[in-house]
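Here's a quick tour for anyone meeting this structure for the first time. Take a look, then read on.

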Amino acid sequence: EKEEKDSEEDEDEKSRDEKIHSMEENLADLAEEISIKQKLVEELEKSQKKILAMKQQYEEKLNLLQNQIMVTSDERDKVMESLKKKGDSSKNKEEMDCENNFIEIDDDDEMERGEEKEEKE
């Protein structure tokens, strides 16, 4: 009987030792998985910071380019307006020159007609 008890106690102790060993292995596996996941979280946080910095740089560059486009567009509009005004003033000058030429031609015609009338008389 005593041997049976000793034998049962030995088996119980072996079973407990196996359970403890199994739990220790599970604990070591969990600790390793936690460590791996912590590293992955750190990598993810680094990537997110890098992406955020790149996004900010992109937005700053985009704003800069939009401002340059607006400035260039304003300059273009001013130049076009200036050219239009010059074109209008030179057009008016050309029209006035043409009118003056017609007046001179008309005056010359009238003078010639006047001379012809005098000759006839």
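## The helix

Leu83 lies in helix H1, and Asp12 is in that helix too, which covers residues 2-120. The protein has one helix and zero strands (helices, H or I, of at least four residues and strands, E, of at least two are DSSP runs, numbered from the N terminus).

This is a predicted model, where local features need pLDDT of at least 70, side-chain atom pairs count only at pLDDT 80 or more, and totals for chains, interfaces and linings use all residues. Residues are numbered from 1 along each chain as its sequence is written, and side-chain values use heavy atoms, leaving out hydrogens and water.

## What's covered, what isn't

Buried residues make up 0% of the 121 residues (buried is under 20% relative accessible area, exposed over 50%, partly exposed in between, with a 1.4 Å probe and protein chains only). The accessible surface is about 12,200 Å², with 52% of that belonging to carbon and sulfur atoms.

## One salt bridge

How many salt bridges does a search of the whole structure find? Just one (a side-chain nitrogen of Lys or Arg within 4 Å of a carboxyl oxygen of Asp or Glu). Arg76 pairs with Asp77, their closest N and O atoms 2.9 Å apart. Arg76 counts as partly exposed because its relative accessible area is 48%, and Asp77 is partly exposed at 39%.

## A nonpolar patch

Val79, Met80 and Leu83 form a nonpolar surface patch, together offering about 300 Å² of accessible area (patch residues have over 30% relative accessible area and no salt bridge, with nonpolar side chains joined within 5 Å and like charges within 9 Å).

Technical notes. Areas by Shrake-Rupley, 256 points an atom, 1.4 Å probe, with all protein chains shown as cover.
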